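Visitor: I would like to take a close look at a single part of this protein, and then follow you from there to a few other places. Please go slowly, since I am new to reading structures.

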Amino acid sequence: MPDWNPQLYLKFSDQRGRPAADLIAQLQLENPQRIIDLGCGTGTSTERLQQRWPDAQISGLDSSPAMLRQAQDSHPEWHWIESRIEDWQPAGAYNLIFSNAALHWVADHGSLFPRLLGSVAPGGALAVQMPHNLSSPATRAMKKVSEDAHWSSALEGARASTFVQPAGFYYQELRKLAARLNIWETEYLQIVDGPLAVLEWLRSTALRPYLERLPDDAQRQQFEEMCLAELEQAYPLDDQGRTLFPYRRMFIIAYR
Ligand SMILES: C[S@@+](CC[C@H](N)C(=O)[O-])C[C@H]1O[C@@H](n2cnc3c(N)ncnc32)[C@H](O)[C@@H]1O
């Protein structure tokens with residue numbers, strides 16, 4: 001599977017960074033000592049955690065060597081772990097287990113979320129943000145193109161590659177394990193430079209499961225062109241060369 005592309009991901013760093021800041025702002029924790037950032041990527045979410053709690057011992061974990069290399073280059077003094085979240089075996093409890101825009105790539109939230117909360121120390125928190133955008137025109141566009149007879153069976157797995165459940169699922173899974181829960185959703189009304197920018201946004205994240213299943217560059221390019229035609233309908237260019245690209249995200253804070 002091709003690795004993540006840090007440069008492409010960071011192209012929209014302001015808009016991608018804001019949900020992490022919003023999640024951190026809601027956290028009611030005085031002085032967490034041990035923090036881990038699961039799916040830390042290039043380390044921008046880890047930096048925000050460090051800014052809020054400069055005295056904490058913070059680690060970042062990610063399965064992508066390219067993303068982690070960028071994080072390591074920016075902060076060689078911090079502790080970085082190359083691992084899949086599924087395989088992570090925490091050594092001791094954490095005061096904050098944080099994850100921004102990563103757990104939607106990990107399967108079986110019915111066991112994952114209780115397991116992660118089980119590694120939080122009493123008084124600490126599990127704090128998670130995930131895209132929750134399944135009914136958006138962008139998601140529908142990728143799905144529609146993937147159903148084209150040309151590649152429908154090859155892309156079946158990609159259509160089923162999101163693991164995010166409705167908010168009520170997390171409430172039910174966590175309510176008896178958590179001392180307190182804070183669950184909310186926000187739709188960010190992002191303004192971007194037209195449908196091509198929407199495609200670029202998707203290319204570094206939600207399009208990956210489709211693109212990585214196609215056998216060659218020619219098919220990948222054809223797939224992107226067909227997506228762009230759909231995106232041009234859904235996110236029309238305005239007279240200033242921009243478009244509104246609403247993006248919904250789910251936030252979960254479970255205190256122990
Ligand atoms: C959208 S980026 C978010 C990065 C960072 N948290 C931020 O806020 O900028 C998602 C990251 O999750 C990582 N990731 C995806 N699936 C993973 C898994 N199963 N285990 C560990 N990391 C994973 C990717 O490598 C990528 O760096």
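Visitor: Which residues make the nonpolar surface patch of about 290 Å²?

Guide: Before we begin, please keep in mind that this is a predicted model. The patch you ask about is made by L189, I191 and L244, and its area is about 290 Å². Let us take I191 as our example from this patch, and find its place in strand β6, which covers residues 180-192. The relative accessible area of I191 is 48%, and because a residue must have over 30% to be counted in a patch, I191 can take part in this one. Even so, I191 is classed as partly exposed, since the word exposed is kept for values over 50%.

A contrast is found at S204, which sits in the loop between α9 (195-203) and α10 (208-211). S204 has a relative accessibility of 3% and therefore counts as buried, because the limit for that word is under 20%. The side chain of S204 also has a polar atom that lies 3.3 Å from the backbone oxygen of W201.

From here we can turn to the ligand, which has 20 residues around it, with G39, D62, I85, E86 and N100 coming nearest. Sorted by kind, the residues of this shell comprise 9 nonpolar, 8 polar and 3 charged ones. Several side chains bring polar atoms towards the ligand: for N100, such an atom lies 2.7 Å from a ligand oxygen, while for T44 an N or O atom of the side chain is 3.1 Å from an oxygen of the ligand. In S63, a polar side-chain atom is found 3.3 Å from a nitrogen atom of the ligand. On its own the ligand has 600 Å² of accessible area, and the protein covers 95% of this.

N100 also leads us to the next stretch of chain, as β4 spans 94-100 and is followed by a loop that runs to α5 (109-118). In this loop we find A101, and D108 has its place there too. Most residues other than glycine have a negative phi. A101, however, has a positive phi of about 60 degrees although it is not a glycine, and for D108, also not a glycine, phi is likewise positive at about 60 degrees. As for their surroundings, A101 is partly exposed with a relative accessible area of 21%, and D108, at 48% relative accessibility, counts as partly exposed.

Note on methods:
Residues are numbered from 1 along each chain as its sequence is written. This is a predicted model: local features need pLDDT of at least 70, side-chain atom pairs count only at pLDDT 80 or more; totals for chains, interfaces and linings use all residues. Side-chain values use heavy atoms; hydrogens and water are left out. A residue is near a molecule or strand if one of its heavy atoms lies within 4 Å of it. A polar contact is a pair of N or O atoms within 3.5 Å; within protein, one must be able to donate a hydrogen and the other to accept it, and residues adjacent in sequence count only if both atoms are side-chain atoms. Accessible areas come from the Shrake-Rupley method with a 1.4 Å probe; for residues, only the protein chains shown count as cover. Ala, Val, Leu, Ile, Met, Phe, Trp, Tyr, Cys and Pro count as nonpolar, Asp, Glu, Lys and Arg as charged, and the others, Gly among them, as polar. Patches are made of residues with over 30% relative accessible area and no salt bridge: like charges are joined within 9 Å, nonpolar side chains (Val, Leu, Ile, Met, Phe, Trp, Tyr) within 5 Å. A salt bridge is a side-chain nitrogen of Lys or Arg within 4 Å of a carboxyl oxygen of Asp or Glu. Helices (H or I, at least four residues) and strands (E, at least two) are DSSP runs, numbered from the N terminus. Buried means under 20% relative accessible area, exposed over 50%, partly exposed in between (1.4 Å probe, protein chains only).
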